[in-house]
Amino acid sequence: MVENIAKGRLNKFFKESTLEEQEYTMSDDKKTCKQVLAEADKEAKVVCFKRFSLND
């Protein structure tokens with residue numbers, strides 16, 4: 001049981017912390033960034049990204 005809890009917490013962490021697993025917010029669909037990228041080009045991959053904030 002403890003092992004399943006640990007797996008669940010790790011999955012949640014990676015879903016929130018990695019770019020490809022985050023929800024793509026520029027559309028109404030519930031797709032991840034990885035799914036949107038695969039639809040655009042099957043061989044494309046993320047090699048770098050920049051974070052911008054409008055709150056600063």
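Residues are called buried when their relative accessible area is under 20%, exposed when it is over 50%, and partly exposed in between, with a 1.4 Å probe and protein chains only. By this scale Glu-39 is exposed, at 53% relative accessibility. The structure is a predicted model, in which local features need pLDDT of at least 70 and side-chain atom pairs count only at pLDDT 80 or more, whereas totals for chains, interfaces and linings use all residues. Residues are numbered from 1 along each chain as its sequence is written, and side-chain values use heavy atoms, with hydrogens and water left out.

A search of the whole structure for salt bridges, each defined as a side-chain nitrogen of Lys or Arg within 4 Å of a carboxyl oxygen of Asp or Glu, gives four of them. One of these joins Glu-39 to Lys-31, with a distance of 2.7 Å from N to O. Lys-31 also forms a salt bridge with Asp-29, where the closest N and O atoms are 3.7 Å apart. Asp-29, Lys-31 and Glu-39 are thus linked in a network of salt bridges. Within this network, Lys-31 is partly exposed at 22% relative accessibility, and Asp-29 is likewise partly exposed, at 41%.

Another salt bridge is found in helix H1, which spans residues 2–17; helices (H or I, at least four residues) and strands (E, at least two) are DSSP runs, numbered from the N terminus. Here the side chains of Glu-3 and Lys-7 meet at 3.5 Å, N to O. Because Lys-7 and Glu-3 are four residues apart in helix H1, about one helical turn separates them. Glu-3 counts as exposed, with a relative accessibility of 53%, while Lys-7 is partly exposed, at 46%.

Helix H1 also contains Phe-13, which takes part in the one aromatic pair that a search of the whole structure finds. The ring centres of Phe-13 and Phe-14 are 5.4 Å apart and the ring planes stand at 65°, so the pair is edge-to-face. In this scheme, rings of Phe, Tyr and Trp (its six-membered ring) pair if their centres lie within 6.5 Å, and planes under 30 degrees apart count as stacked, over 60 as edge-to-face and the rest as tilted. Phe-13 is partly exposed, with a relative accessible area of 47%, and Phe-14 is partly exposed too, at 43%. Together with Leu-10, Phe-13 and Phe-14 form a nonpolar patch on the surface, with about 310 Å² of accessible area in total. Patches are made of residues with over 30% relative accessible area and no salt bridge, like charges being joined within 9 Å and nonpolar side chains (Val, Leu, Ile, Met, Phe, Trp, Tyr) within 5 Å. The accessible areas come from the Shrake-Rupley method with a 1.4 Å probe, and for residues, only the protein chains shown count as cover.

For cysteines, a disulfide is taken to be a pair of cysteine sulfur atoms within 2.5 Å, and by this rule the count is zero. The sulfur of Cys-33 has its closest cysteine sulfur in Cys-48, 14 Å away, which is too far for a bond. Cys-33 is partly exposed, at 21% relative accessibility, whereas Cys-48 is exposed, with a relative accessible area of 57%.
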